[in-house]
Amino acid sequence: MSADTLSPVFSALADPTRRRIVARLAAGDATLTELAEPFDMSLQAVAKHLAVLEEAGVVTRGRDGRRRPAHLEVEVLDLMAGWIERYRQRAEERYQRLDEVLAAMSDAEEASEPGRDGHSGVSSG
């Protein structure tokens, strides 16, 4: 695979038909004809979608006698999941730090408000 493996994968999966093909292949290997069954499009159109997935490394095609089943390359999806998770964690950490700062500001504001401790701040004498 090239140094930038994620760009072609994300690009290939930007199409809903290709995502449906990936979803089908997650259940098991399938031939082009089997993959084309649920779609209202030509076999050639599905073959083009499958070729894009192959080019991106998401799918490989094997040979089983006369059949050429497509196989989902799970490790490519793991790369995507790892990339997404890394940035999700960074965003989560940033939000947690923001929550801490806002909580500290709220505590400081409450402590400085007059009458917060039971006194009105106005003398009665």
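Hi everyone, let's start with the count: there are three salt bridges here. Please keep in mind as we go that this is a predicted model. I'd like to walk through the pairs one by one, and then turn to the surface.

First up, Glu 34 and Arg 67. These two form a salt bridge, and their closest N and O atoms sit 3.6 Å apart. What does this pair tie together? Glu 34 belongs to helix α3, which covers residues 32–36, while Arg 67 is in the loop between β1 (59–61) and β2 (70–72), so the contact links parts that are 33 residues apart in sequence. Are these side chains buried or exposed? Glu 34 is partly exposed, at a relative accessible area of 29%. Arg 67 is partly exposed as well, with 35% relative accessibility.

Now stay with Arg 67 for a moment, please. Arg 67 also forms a salt bridge with Asp 64, and here the closest N and O atoms are 3.6 Å apart. Asp 64 counts as partly exposed, with a relative accessibility of 46%.

Next, let's move over to helix α5, which spans residues 74–112. Here Arg 88 forms a salt bridge with Glu 85, with 2.8 Å between the closest N and O atoms. How far apart are they along the helix? Arg 88 and Glu 85 are three residues apart, so about one helical turn separates them. Both partners have some access to the surface: Arg 88 is partly exposed at 43% relative accessibility, and Glu 85 is partly exposed at 31%.

Which residues do shared partners join into one network? Those are Glu 34, Asp 64 and Arg 67, connected through their salt bridges.

That brings us to the surface patches. One of them is negative, and it is made up of Glu 92, Glu 93, Asp 99 and Glu 100. If you want to find this patch on the screen, look for Asp 99 in helix α5.

The other patch I'd like to show you is nonpolar. Tyr 95, Leu 98, Val 101, Leu 102 and Met 105 form this one on the surface, and together they have about 510 Å² of accessible area. Leu 102 is a handy landmark here, and its place is in helix α5 too. Leu 102 is partly exposed, with a relative accessible area of 46%.

So, to bring it back together: we have three salt bridges, a network of Glu 34, Asp 64 and Arg 67, a negative patch that includes Asp 99, and a nonpolar patch that includes Leu 102. Thanks for listening, everyone!

Technical notes: Residues numbered from 1 in each chain as written. Predicted model: local features only at pLDDT ≥ 70, side-chain atom pairs only at ≥ 80, totals over all residues. Heavy atoms only, no water. Salt bridge = Lys/Arg side-chain N within 4 Å of Asp/Glu carboxyl O. Helix = DSSP H or I, 4+ residues; strand = E, 2+ residues; numbered from the N terminus. Buried < 20%, exposed > 50% of the residue type's maximum accessible area, 1.4 Å probe, protein only. Patch = residues over 30% accessible without salt bridge, like charges linked within 9 Å, V, L, I, M, F, W, Y side chains within 5 Å. Areas by Shrake-Rupley, 256 points an atom, 1.4 Å probe, with all protein chains shown as cover. Lys, Arg positive; Asp, Glu negative; His and termini not counted. Charge placed at Lys NZ, Arg CZ, Asp CG, Glu CD.
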